[in-house]
Amino acid sequence: MTTLQTEFTEEELLLDAPVAEPLYARHSGGEVRCHGGFDAEGTYVSPRMRFRGPGIVAWQEKHREDFGAEPIDIPLETWPAHFPTVEQARYLIEQGVPEPLSATLTRIGTVEGFGANIRLLQPGDMQKNFEESIKGTAIDHLGRGLFEAHGRDEAGWEKEAGHKDMWFAARDVAFDGRKVDVDIDAMLQRMGFGGPGAEFERVLPDDVDVNLEVIASLMTRVLFIEISAFHTFKWAEAWLSDDALVAGEGKAADLVRYIRADETPHVGYLKTALTEMRDRTWVGTSGAKHKGTEMIDLIWEKALRQSLVGNRKQSLKAIMGEVEHFCAKRKNGKEIIEGFLALGNPLADLENAEASASAATY
Ligand SMILES: [Fe+2]
Ligand SMILES: [Fe+2]
C-alpha cells in the first residue's frame with residue numbers, strides 16, 4: 001500500500017508552495033502581480049502546488065496499486081498544429097498587421113478565463129455513483145479543492161492575476177509602445193462568444209446520474225483543450241521570443257512558459273480522476289451497474305468528435321475572419337491576405353476534403 005498521503009483538506013489543496021520571489025509582469029502601462037513565483041534557484045513555481053502536486057502523484061500511485069493501470073492518455077499529435085503558423089504570424093507583423101495576433105492573445109486569455117467555470121460543477125457525494133471505494137482518490141477531491149484550484153489558476157484569485165490576465169500581460173509586453181486598436185467585445189462577438197450555449201446531449205444510459213455525466217463530460221472536454229493548448233503555447237513562445245518582431249526582450253514568451261507550466265497539474269488531475277472513473281463500476285440511480293470503461297469511452301468519443309470536427313471548422317473560420325477584418329483596413333489588404341494564404345490555408349483544405357468526401361458518397 002502506498003505510504004504517500006492521499007487525503008487532503010480543501011485548504012491544503014489551495015495552498016502555495018513557498019517562493020523566494022513573486023512573479024510580476026511589467027510593461028509601460030504598469031505592472032501586474034501574477035500568481036506563482038520563483039524558488040531560491042530562480043526556477044518558476046506554479047501556484048497552489050504545496051499539496052496538489054504531491055497529491056496527483058500519490059493518487060496515480062494508489063491507482064496503479066489498486067487497479068494496475070496507468071493514467072489515460074492522448075497524444076498532442078491528435079490535434080493539428082496552430083493556425084496561423086509561426087511563419088504566418090511573423091508575416092502579418094512584418095506586413096504591419098499585428099492586430100490579429102494581439103487579438104489572438106486576447107482571445108486565448110478570455111477563453112482561459114472561461115475555463116474557471118469548472119469550479120461551478122457540484123460533485124456532491126461522488127461515492128454513491130461508484131461501487132468501489134473512492135477514499136483517497138482524485139475523484140473524492142474534485143469538489144474539495146481541485147476544481148477550485150483550477151478555477152483560481154485560470155481566472156486569478158484575490159490580488160494575483162491568473163492565466164486570463166497573464167495572457168493579456170504577455171500581449172501588452174509584446175506590443176508595448178505600439179498601439180494596437182482592437183475592440184475586444186466586437187472581436188468576441190465576431191468569434192461567436194456570448195451566443196446561446198448548446199444544449200447538453202446525453203450519451204450515457206438514462207439511469208446514470210446526469211450530474212455525473214455532466215461532470216465527466218466537461219472534465220474530458222477541458223482535458224482535450226488543456227492538451228491541445230500545448231500547440232498554442234509552442235506557437236506563441238516561438239514568435240513572442242523574437243526581439244525583431246515584438247517588444248519585451250523575451251519577457252512575453254517567459255509569461256507563456258510559466259502559464260504552460262501551470263497547465264501540467266490541470267492535465268494531471270483531470271487524467272487521474274477520469275482514469276479512476278474508468279476503472280470503477282458505476283452505480284446508476286436504479287442501482288443497476290455499468291462498466292466504467294464503457295461510460296468513459298462514450299464520453300471520450302463524443303468529446304473527441306466535438307474537439308476535432310465541430311470546433312475545428314468554427315475556429316478556423318473565426319481566425320480567418322479576424323485576419324480578413326484587419327487586413328481590409330490596409331490599402332494593400334488583398335495582397336496581404338493572398339500572401340498569408342499562400343503560406344497555408346487549412347480552412348480551404350478542410351472544405352476541399354469535405355467536398356471530396358461527400359462527392360465520393362454520391
Ligand atoms: Fe490556463
Ligand atoms: Fe488550464
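Me: Two strands pair if DSSP finds at least two bridges between them, and strands (E, at least two residues) and helices (H or I, at least four) are DSSP runs, numbered from the N terminus. How many residues join β1 to β2 in the hairpin?

Reply: This is a predicted model, where local features need pLDDT of at least 70, side-chain atom pairs count only at 80 or more, and totals for chains, interfaces and linings use all residues. Residues are numbered from 1 along each chain, chains are lettered from A and ligands numbered from 1 as written, and side-chain values use heavy atoms, without hydrogens or water. Strand β2 takes in residues 30-38, and β1 pairs with β2 in the antiparallel sense over 7 bridges. The hairpin joining these two strands, β1 and β2, uses 2 residues.

Me: OK, let's zoom in on that pairing. Which residue in β2 is the bridge partner of A25?

Reply: Picture β1 and β2 lying antiparallel, with 7 bridges between them. R26 has E31 as its bridge partner in β2. For A25, the bridge partner in β2 is V32.

Me: And what about the other end of the sheet? Which residue in the turn between β2 and β3 has a positive phi?

Reply: Strands β2 and β3 run antiparallel and are joined by 2 bridges. One match-up here is F38, whose bridge partner in β3 is Y44. The hairpin leaves 5 residues between β2 and β3, and the one with a positive phi, about 85°, is G42.

Me: Stepping back, which are the edge strands?

Reply: The sheet is open, with 3 strands in the order β1-β2-β3 and antiparallel pairing. An edge strand here pairs on one side only, and that fits β1 (21-27) and β3 (44-45).

Me: Now the metals! Which residues coordinate the iron ion (ligand 1)?

Reply: Donors are N, O and S atoms within 2.8 Å of the metal (3.2 Å for Na, K and Ca), and with no water among the atoms, sites may look incomplete. Along the sequence, the donor residues of this iron ion (ligand 1) are spaced E-x41-E-x8-H-x99-E. At 1.8 to 2.1 Å from the iron ion (ligand 1), the donors come from E112 (OE), E154 (OE), H163 (ND1) and E263 (OE).

Me: What does the iron ion (ligand 2) have for donors?

Reply: Its spacing along the chain reads E-x71-E-x36-E-x2-H. E154 and E226 show how distant parts of the chain are linked: E154 sits in helix α5 and E226 in helix α8, 72 residues apart. E226 appears twice when you list the donors of the iron ion (ligand 2), which lie at 2.0 to 2.5 Å: E154 (OE), E226 (OE), E226 (OE), E263 (OE) and H266 (ND1).

Me: How far apart are the two iron ions, with E154 as the bridge?

Reply: E154 coordinates both the iron ion (ligand 1) and the iron ion (ligand 2). The distance between these two ions is 3.2 Å.

Me: Is E112 buried or exposed?

Reply: Buried means under 20% relative accessible area, exposed over 50%, and partly exposed in between (1.4 Å probe, protein chains only). E263 is buried at 2%, E154 is buried at 2% too, and E226 is buried at 5%. E112 has 9% relative accessibility, so this residue counts as buried.

Me: Last one: which residues in α8 do L142, F147, H150 and E154 meet?

Reply: Helix α5 covers residues 142-155 and helix α8 covers residues 210-240. Contact means heavy atoms within 4.5 Å. On the α8 side, the four from α5 meet I215, M219, V222 and E226.

Note on methods. Axes fitted to C-alpha atoms, helices over the stretch in contact; angles between N-to-C directions.
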